[in-house]
Amino acid sequence: MKQKNPYTFFDVFCLRTPLLPLNFYFDLTKENEISTKKLKEIWSNDTIKEAIFLASPELFSEIDKWLLGDLKDKKKIQRLQFSLLKYLSRMSSRCTPFGLFAGCSMGHFSKSTHIELKPHTDNQRQTRFDMNFLVAFSQKLSKEEAIKKQLKWYPNNSLYKIGNQYRYVEYTYDSFNRRQHSIEAVTHTSYLEIILQNCEKGKKISEIAELLIDDEISLEEAEDFIYQLIDNQILVSELEPSVTGMGFLSQINNCLKRIKNTTELVSKINHFQEFLNTIDQTLGNATHLYKENSEKVKELNVDFELKYLFQTDMYPKLLSNELDIQIAYKIGRVMTLFNKLSLPPKNTDLHQFKNAFVKRYETREIPLAKVLDIEVGIGYIQNREAADHTPFLEDLHIPQRKNDQTTSSWNPILDILNKKLQEITKSNDPYTLQLHDQDFENFDTNWNDLPDTMSSMGELVLLNGQRKIIVSSMGGTSAANLLGRFSTGNTEIKNHVQNIAEIEQKIEKNKLLAEIVHLPESRTGNVIRREAIRNYEIPYLGKSNLSAEKQIPIEDLMVSVQYDKIILRSKKYNQEILPKLTNAHNYKGKNALPIYNFLCDMQQQNIRSAIGFSWGELLEKNTFLPRVEYKEFILSKARWKITKDRIEFLLTDFTNNKDILTAITDWRDLLKIPRYVQLIDFDNTLLIDLGNVSSIRMFLDIVKNRYQFIVEEFLFTEESLVKENNNNYTNQFVFSFYNAEKLATSTKACISINSKDTQNKKKRT
């Protein structure tokens, strides 16, 4: 008997749309060449100007000079034209949220599809200061003597004791303003133990000093010792950065309000907050407002770069945001195919850790910090340095199945795909590959090794008048991962994220789900900041704003291997802990800290964190891969891998527009490439119109020095399902699913337990 799909969908979804309609782009490139006059008209749009300013103030300034006629250098003007065209393409075709270029909003399922945006000038937005700047500001404040003495100080939450030493992670900044982490140690003393125990709930320097003063230790000596602990980050202040809960600027302000003689500072912060609130009332703010306020920011004497100072998220407003519920049912059904196409993980980092643990400790339960200590334990992924240079992500995306999590060898699935690929090359339609259920009827489905909740990202398009659903995968260790970042700026998104978290906790009712609170890099905070999502948090080089009772320190965590499974337990609660990272941070950077990496990996223990369609090794073996369709789904768009020798003749310095159009048309005909394509750079895409000379020249300028590159078909070429008046918008949807069978089983078990408790109480009565 085939196992039934236990997943069902949440009744809401997230819609991601760009700032401008696709009509804008088509109108921009409808002539053979984009004129300077046309670009000047566009530059009169204040919303476009503000969006580009927030993305790159320097580029904004140069474009402004050019279109005002203050630049004469032809090569520089051409580079600026290309840059402007890239941004205009991005903000009218790409849905990935970024600044004012694109945003997200919540919708719900209904009997039919009706999605209509309000004019983009009505969009909601949330602007804040860059986390890198705020972290630098908080560090400066904590070093000012008058403030330093009034702050509360706490033990570094990476601190743990081994033998006669306390060990912890200390960070410094290199010349590129990146964090450098190092493991440090300090000898255990009775004085240090007294301080650490008494500072768990925070104490001022004077209060800590009183703990040490006796006949042999003076006030001056006590304070000197405390200052050493602070300088070495054994003690950290209440101004340590936080990435969950209230915005960090508000946290800083609330702290300063409790401190004497900070009225002027509080007044400045209030001014900045008022400014941010004011510009968030509209789109199209004059750029001089940002420059004027950045001059006031300089009065704080904290270094910053204008291009990073302001971070913005956008939330489009809609007249209606309803989607046909049949789409959700259909995506639920395609999960069966995805399940069959996705192999289980092999030889993961957790698997290697588990084997090393059993070999060293057998069935014993050991403090996690001790186990991961390279000198006294077994470490975690020991070939990595104890430093963290993980870059922050511009994009949010479904975690892709990596080679170490699936398989890098040929497998039966690729065998079937390759056979079908060979067949269609000989057919009348080599452009489209059709998959059918019978192709994989001999493959099993396993629903027991998938996350409790998952997300899928899809697009809805019309092709030849028929609705198609573009979706290639689903996954994530939580359905909330793609949305966590936006929970601070939109109440509906926040409610959905917290609802997902609540369902996950209900499913895992006998375990504590705890959010990992860690700031790997200051600027990373811009994309990993989120609301306080769960009831418990594990702070690690990041401040938790939950009460102390709801925080699970690293030193409280114990690890063991039981029945071939790694178990993480809290001594304080005597319960199994399931760590959660509810954002889309790519934590697997090569220099990620071992404890952070381990906690994040624990989310994926014995599960496939993503299922879906993948070409696998066929990506490298073929220069062209067709569109892959399954019923009304498009699982993969047609794509071309172009090597430099195949475009060499296009890199000639064409002076005549007609000649370059003829050359590109011949090239397209040869390779069967459509007029509208997307240039692929990892997770980034750029819409190219190969029928417009300006777009062609921009495209060739980008790829001219590349050995190879990839383009894929662009499918939003007919009427869109997402509109604003008569304007068509591209779209991207985030659909969320949960394991309904697990939830039902867990709920029944809770009812049964509660019923027995009630009966026992009655008997005792």
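These are my notebook entries on a few spots I looked up in this predicted model.

**Entry 1: helix α4**

I started with α4, which spans residues 57-67. Which of its residues are buried? I noted Pro-57, Leu-59, Phe-60, Glu-62, Ile-63, Trp-66 and Leu-67. Glu-62 caught my eye in that list, so I wrote down that it counts as buried under the 20% cut-off. Next I checked what covers these buried residues of α4, and the cover includes α2 (36-43), α3 (46-55) and α5 (74-93). From further along the chain, α13 (287-297) and α14 (306-309) are also part of that cover. After α4 comes Gly-69, and I read a positive phi there, near 85 degrees.

**Entry 2: Arg-125**

Then I went to Arg-125, which sits in strand β4 (residues 124-129). Is this arginine buried or exposed? Its relative accessible area is 4%, so I have it down as buried. What does its side chain touch? I found a polar contact of 2.8 Å with the side chain of Glu-50. A second polar contact, at 3.0 Å, links the Arg-125 side chain to that of Tyr-290. Glu-50 falls within the range of α3 (46-55) and Tyr-290 within that of α13 (287-297), and both helices are listed in the cover of α4.

**Entry 3: the second largest pocket**

I looked at the second largest pocket next, and its volume comes out at about 1,200 Å³. There are 37 lining residues, and those closest to the centre are Tyr-154, Pro-155, Asn-157, Glu-200 and Gln-551. Which elements supply at least two lining residues each? My list has the strands β5 (153-155), β7 (165-173) and β9 (235-237), plus the helices α8 (190-198) and α11 (248-257). By type, I get a lining of 14 nonpolar, 12 polar and 11 charged residues.

**Entry 4: positive phi outside glycine**

Last, I went through backbone angles. Most residues other than glycine have a negative phi, so I wrote down two exceptions. Gln-233 has a positive phi of about 60 degrees, and I located it in the loop between α10 (219-231) and β9. Asn-725 also has a positive phi, near 55 degrees, and its place is the loop between β29 (722-724) and β30 (727-729).

Where do the two stand on burial? Gln-233 is at 16% relative accessibility, so I logged it as buried. Asn-725 has a relative accessible area of 56%, so that one went down as exposed.

Key. Residues are numbered from 1 along each chain as its sequence is written. This is a predicted model: local features need pLDDT of at least 70, side-chain atom pairs count only at pLDDT 80 or more; totals for chains, interfaces and linings use all residues. Side-chain values use heavy atoms; hydrogens and water are left out. Buried means under 20% relative accessible area, exposed over 50%, partly exposed in between (1.4 Å probe, protein chains only). Helices (H or I, at least four residues) and strands (E, at least two) are DSSP runs, numbered from the N terminus. Contact means heavy atoms within 4.5 Å. On a 1 Å grid over the protein atoms alone, a cavity is a set of points where a 1.4 Å probe fits but cannot get out, and a pocket is an open set with protein on both sides within 12 Å along at least five of seven lines; lining residues have an atom within 4 Å of a point. Grid points are joined across faces, edges and corners, and a volume is the space filled by probe spheres set on the points. Ala, Val, Leu, Ile, Met, Phe, Trp, Tyr, Cys and Pro count as nonpolar, Asp, Glu, Lys and Arg as charged, and the others, Gly among them, as polar. A polar contact is a pair of N or O atoms within 3.5 Å; within protein, one must be able to donate a hydrogen and the other to accept it, and residues adjacent in sequence count only if both atoms are side-chain atoms.
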